[in-house]
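Notebook open, structure loaded. I'm jotting down what I looked up, one item at a time.

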Amino acid sequence: MLALRVALRYLAAPKSHRAVNIITFISMAGVAVATMAIIVVLSVFNGFSDLAKSHLSRIDPDFKVTAAKGKVFAGADSIARALGNINGIKAATPALQERGLLTAADTQMPVVFKGVSPEGISSCSDIDNLLIDGIYSPTNLMPDSCAGAQITVGIAIDMKLRPSPQAVAELYVPRREGRINPANPAASYRNIPLAVTGVIRVDQPEYDADFMFIPLDKARELLEYSDGEASEIDIRLAPDASATKVRSSIEDALGRGFIVQNRMEQQADTFRMISIEKWVTFLMLVFILVIASFNIVSTLSLLVIEKRDNMATMRALGAPKSMITNIFITEGALITAIGGIIGAAIGIALSLIQQHFGLIKLSGDPSALTIDVYPVRLEWADVLPVVAAVAITGFLIAQLSRIFTRKLK
């Protein structure tokens, strides 16, 4: 306790050399800035995570059911009808998703296509609000041999496609069955003609780059699957339904042979990447905090020189060597703690101000941006590891004061 009182007095009292006061202030400021930066950056990552969550519902179903083993399962149509009768489920529709090659004129690109029934795509996605060109018409006005397709903006730009009632593109996939003839490679692929009826924009790169919808029956025909086979069942909940209760009902009805995923689980890779980037950035900023805290070493070394006479007086009065060492250990901890508290307070205040008032705007074309302010959300659970990092750093740096007081022993 006495060591703390003396350390507080050393910290607050004016020094005979102004350089000691200045360096002390710089040490506190370095810790404060690093602490503030950690909290603000973590809050920014939380904001981008929330932004990603807010876009999931635009095309992802509330729940997606897939087989625990294998890519495709049979009886999807009857399973979807049975799930549609569960209380809280508004719609359930089978779907078939695969990769293929889309060609048009002299261009081609690999795409991800999803076969969904005309009724299913409307009931389990918000496609009407995603259209930016054309209309949603998977079958109307199309020739019997041609399927209507809705492509994302990335495909439309890269392949220069616009909505048209004519068959302007073809979708190719490798044959699933039969033998391959090396003399005729083209026979190793199946294809169907497509007419682009609409262009959609999801504002998610993983979709906007290469995603498209086609009718489910055409997808089954192209991939050589029989009626009733699908790779997933998309489920849309009723507005007042409890997601937890509905999920439990679905899992009870299907058993262990199926996997039920909510929107976040469907985009697990995206959120895993955001989380990894968040905590890797945290570790990098903690390293910067450690570097900034080395200024405290300079402060302690100058303070030892400044208070050499005081230490001699205390030794003459009977103060043990350990108490004098503890004074400077406490002094280093106080500098770190004060800097950390100030930095945390500023970081929390800045994050809350941006979160509620959105003072920092995003530059660019407003029509091309989904938000106009920098996304920030303070999560109080993030403050705890920041405080722990500051405390551990302060403790380790403060222990270095033993080096400067070693001559006293």
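**Entry 1: α14 against α15.** I'm working with a predicted model here. I began with helices α14 and α15, which pack at an angle of about 155 degrees with their axes 8 Å apart. I therefore log α14 and α15 as roughly antiparallel to each other, since angles over 145 degrees count that way. I noted the crossing of α14 and α15 as right-handed.

Which residues meet across this pair? On the α14 side I found I329, G332, A333, T336, G340 and I348. On the α15 side they meet W380, V383, V390, G394, A398 and Q399. Sorted by class, the residues of the α14 and α15 contact come out as 7 nonpolar, 5 polar and no charged.

**Entry 2: α11 against α15.** I stayed with α15 (residues 380-399) and turned to helix α11 (residues 268-293). These two pack at an angle of about 30 degrees, and their axes are 10 Å apart. Under 35 degrees counts as roughly parallel, so I put α11 and α15 down as roughly parallel to each other. α11 passes α15 in a right-handed crossing.

From α11, I listed K278, W279, F282, V286, L289, V290 and S293. Their partners in α15 are D382, P385, V386, A389, V390, T393 and I397. This contact divides into 10 nonpolar, 2 polar and 2 charged residues. I flagged V390 in α15, as it turns up in the contact with α11 and also in the contact with α14.

**Entry 3: α13 against α14.** Next I checked helix α13 (residues 308-316), whose axis comes within 10 Å of the α14 axis and crosses it at roughly 145 degrees. α13 passes α14 in a right-handed crossing. M311, M314 and R315 are what α13 brings to the contact, and they meet K321, M323, I324, I327 and F328 of α14. By class, I have 6 nonpolar, no polar and 2 charged residues for α13 with α14.

**Entry 4: I342.** While on α14 (residues 321-357), I looked up I342, which sits in that helix. Is I342 buried or exposed? Neither label fits: I342 is partly exposed, because its relative accessible area is 42% and partly exposed runs between 20% and 50%. I also logged a long-range pairing: the C-alpha atoms of I342 and M28 are separated by 8.7 Å, with the two positions 314 residues apart along the chain.

**Entry 5: the nonpolar cores.** How many residues does the largest nonpolar core have? I get 28, and the ones with the most contacts inside it are L102, F113, I155, L171, L194, M212 and I214. I then asked which elements give two or more residues to this core. The strands are β2 (89-104), β3 (107-116), β5 (147-152), β6 (169-174), β7 (189-200) and β8 (211-215). The helices are α6 (153-159) and α8 (216-223).

I picked I214 for a closer look. Leaving out residues up to four places away in sequence, I214 touches F113, K114, G115, V116, G148, A149, L171, I192, L194 and A219. There is also a second, separate core of 19 residues, and it includes V65, A76, I233 and I250.

**Entry 6: Q204.** I found Q204 in the loop between β7 and α7 (205-208). At 6% relative accessibility, I count Q204 as buried, because the cut-off is under 20%. The C-alpha atoms of Q204 and A52 are separated by 8.1 Å, though the two are 152 residues apart along the chain.

**Entry 7: positive phi.** Background for this one: most residues other than glycine have a negative phi. K160 has a positive phi of about 55 degrees and is not a glycine. I located K160 in the loop between α6 and β6, and logged K160 as exposed, with a relative accessible area of 71%. E224, likewise not a glycine, has a positive phi of about 65 degrees. The loop holding E224 runs between α8 and β9 (232-237).

**Entry 8: whole-chain tallies.** Last, the totals. I have 16 helices and 10 strands for the protein. Of the 409 residues, 46% are buried. Among contacts with a separation of 6 or more, residues 24 or more positions apart account for 79%.

Notes: Residues numbered from 1 in each chain as written. Predicted model: local features only at pLDDT ≥ 70, side-chain atom pairs only at ≥ 80, totals over all residues. Heavy atoms only, no water. Axes fitted to C-alpha atoms, helices over the stretch in contact; angles between N-to-C directions. Helix = DSSP H or I, 4+ residues; strand = E, 2+ residues; numbered from the N terminus. Parallel < 35°, antiparallel > 145°, perpendicular 65-115°, else oblique. Left-handed = near helix turned anticlockwise from the far one by under 90°. Contact = heavy atoms within 4.5 Å. Nonpolar A, V, L, I, M, F, W, Y, C, P; charged D, E, K, R; others polar. Core = buried A, V, L, I, M, F, W, Y, C linked by side-chain atoms within 4.5 Å. Buried < 20%, exposed > 50% of the residue type's maximum accessible area, 1.4 Å probe, protein only.
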